[in-house]
Amino acid sequence: MVVGCGAYMDSGYGCPGEWRCLKAAATGEGSFGEAAQVVGFVKCECPGRSLVPNAGMTMKLSEMKPDAIHLSSCMVKAKPGCPYATPEQFAEILTGKFGLPVVLGTHEYH
Ligand code: SF4
């Protein structure tokens with residue numbers, strides 16, 4: 001599963017939902033290490049409180065539990081960063097809730 005920063009995605013330029021995360025997963029580039037199937041793409045929304053319920057609902061409705069959750073590169077590396085939580089804090093919350101490993105980042109494309 002990939003989680004994108006909604007504030008960044010909604011900026012409409014270089015949106016992480018276009019192709020970057022998906023290409024990295026399909027080819028195994030970037031933070032994926034090996035080719036992977038994206039079974040969910042969840043958009044975080046400020047101030048981030050909806051992330052856990054939306055990720056949980058995605059798993060429930062799709063009836064698929066991912067092997068890992070990737071916080072997209074825009075969520076982890078974009079500057080200025082998220083004013084509400086660090087990537088590490090988001091990762092801790094998601095791991096605590098779902099018991100899944102959380103990887104910081106998805107791709108290294110520009
Ligand atoms: S809470 Fe942070 S990571 Fe989530 S959409 Fe807002 S700025 Fe992006």
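Here is a walk through this structure, from its strands to its helices, loops and ligand. Keep in mind that the model is predicted.

Let's start with strand 1, which covers residues 2-5. Look at its two faces: V2 and G4 sit on one side, V3 and C5 sit on the other, and all of them are buried. So what does strand 1 pair with? One partner is strand 2, residues 41-44, and the two run parallel over 4 bridges. If you want a spot to find that pairing, go to V2, which stands opposite F41 in strand 2. Another partner is strand 3, residues 69-71, again in the parallel sense, over 2 bridges. Here the spot to look for is V3, which faces L71 of strand 3.

Now turn to helix 5, residues 87-98. You can check its length yourself: 12 residues at 1.5 Å a residue should span 16 Å, and the C-alpha atoms at its ends are indeed 16 Å apart, so the two figures agree. Which residues of helix 5 are buried? They are F90, A91 and L94. Viewed down the helix axis, these buried residues fall within an arc of 100°, so they line one face of helix 5. What do they pack against? Their neighbours are helix 3 (51-62), strand 3 and strand 4 (102-104). That brings strand 3 back into the picture, as it also pairs with strand 1. Go round to the other side of helix 5 and you meet E88, Q89 and G96, which are exposed. Just past the end of helix 5 comes G99, with a positive phi of about 70°.

Next, the loops. Between helix 2 (20-27) and strand 2 there is a loop that holds G33. Is G33 buried or exposed? It has 9 C-beta neighbours inside 10 Å, so G33 counts as exposed. Measure from G33 to R20, C-alpha to C-alpha, and you get 15 Å, for a separation of 13 residues in sequence.

Follow the chain on from strand 2 and you reach the loop leading to helix 3, where P47 lies. The peptide bond from C46 to P47 is cis, with omega near 5°. There is another cis bond to look at, from K79 to P80, with omega near -5°. P80 belongs to the loop between helix 4 (73-77) and helix 5.

Helix 3 itself contains L61. With 9 other C-beta atoms within 10 Å, L61 is exposed. From L61 to P101 it is 40 residues along the sequence and 21 Å through space, C-alpha to C-alpha. The loop between helix 3 and strand 3 holds E63. This residue has a positive phi of about 55°, although E63 is not a glycine. E63 is exposed too, because it has 7 other C-beta atoms within 10 Å.

Finally, the ligand. Which residues are around it? The list runs C5, G6, A7, C44, E45, C46, P47, G48, M75, C82 and Y84. Some of these are familiar by now: C5 is one of the buried residues of strand 1, and C46 and P47 are joined by a cis peptide bond. Sorted by class, the shell around the ligand has 8 nonpolar residues, 2 polar ones and 1 charged one.

Technical notes
Residues numbered from 1 in each chain as written. Predicted model: local features only at pLDDT ≥ 70, side-chain atom pairs only at ≥ 80, totals over all residues. Near = placed C-beta within 6 Å. Nonpolar A, V, L, I, M, F, W, Y, C, P; charged D, E, K, R; others polar. Buried ≥ 20, exposed ≤ 12 C-beta atoms within 10 Å, placed from the backbone. Pairing = 2+ DSSP bridges. Expected span 1.5 Å × (residues − 1). Arc of directions from axis to C-beta. Contact = placed C-beta atoms within 7 Å.
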